[in-house]
Structures are given as structure tokens and as C-alpha cells.
Amino acid sequence: MPLQKSGRQLMLDRLYAAVRSATTADIQRAAMLLEGAKKIRAGSSRQRSSARSSQANAWKKKVDNSVTW
């Protein structure tokens, strides 16, 4: 019984098939698209991280600071 391929392996097979018939310009555009997508994902995860931390500390704005003697 052959092993099932993961979704990533299936997509890589499709990509390899497309690369065989692609021109250099097509490959260059695809590489630029993938690099841009990686930058967008990095920015989005950074934005989500900062939003989570600000949400976690939002309650501090609504309470008085403790008084220390």
C-alpha cells in the first residue's frame, strides 16, 4: 500500500510540473510573488502578536495604580 502524500507534497508536485513548462520570466515572477507573500505573513503575525499583548494589558488603563508607601 503506497503512502499517502501530504498536502504540501501534492502542491510541490504541481509546482514541479508547472516549472517544467514555465519560462524563466514565469519562474522569476513566481519567486517574487512567494517572497512578497512571506513578508506579508511575517508582518501579519507581528501585528497579531502586538494586538494580543495590548489586549492583555488593556485592563491596566481602567484601574488606578497601586499606592506604595
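Partly exposed, as I use it here, means a relative accessible area between the buried limit of 20% and the exposed limit of 50%. Keep that in mind for the charged residues. The model is predicted.

Salt bridges to start. The structure holds two. One pairs the side chains of K5 and D13, at 2.5 Å from N to O. How exposed is D13? Its relative accessible area is 31%, so D13 counts as partly exposed.

Next, the other bridge. Here the side chains of D26 and R29 meet, at 2.6 Å, N to O. Both residues sit in helix 2, which covers residues 24-56. They are three residues apart, about one turn of the helix. Their exposure classes come next. D26 has 33% relative accessibility, so D26 is partly exposed. R29 reaches 52%, and because the exposed class begins over 50%, R29 is exposed. As a general point, side chains of opposite charge can pair when their charged atoms come close.

Now the largest pocket. Its space is about 170 Å³. Which elements give two or more residues to its lining? Helix 1, residues 7-20, and helix 2. Helix 2 gives the most, with five residues. The lining includes L15, A18, V19 and A22. D26, I27, A30, A31 and L34 also line this pocket.

What about the chemistry of that lining? Eight residues are nonpolar, none is polar, and one is charged. D26 is among the lining residues, and D26 also forms the salt bridge with R29.

That brings us back to helix 2. Helix 2 holds both D26 and R29, and helix 2 gives five residues to the lining of the largest pocket.

Definitions and conventions
Residues numbered from 1 in each chain as written. Predicted model: local features only at pLDDT ≥ 70, side-chain atom pairs only at ≥ 80, totals over all residues. Heavy atoms only, no water. Salt bridge = Lys/Arg side-chain N within 4 Å of Asp/Glu carboxyl O. Buried < 20%, exposed > 50% of the residue type's maximum accessible area, 1.4 Å probe, protein only. Helix = DSSP H or I, 4+ residues; strand = E, 2+ residues; numbered from the N terminus. 1 Å grid on protein atoms, 1.4 Å probe; cavity = no way out; pocket = protein on both sides within 12 Å on 5 of 7 lines; lining within 4 Å. Points joined across faces, edges and corners; volume = space filled by probe spheres on them. Nonpolar A, V, L, I, M, F, W, Y, C, P; charged D, E, K, R; others polar.
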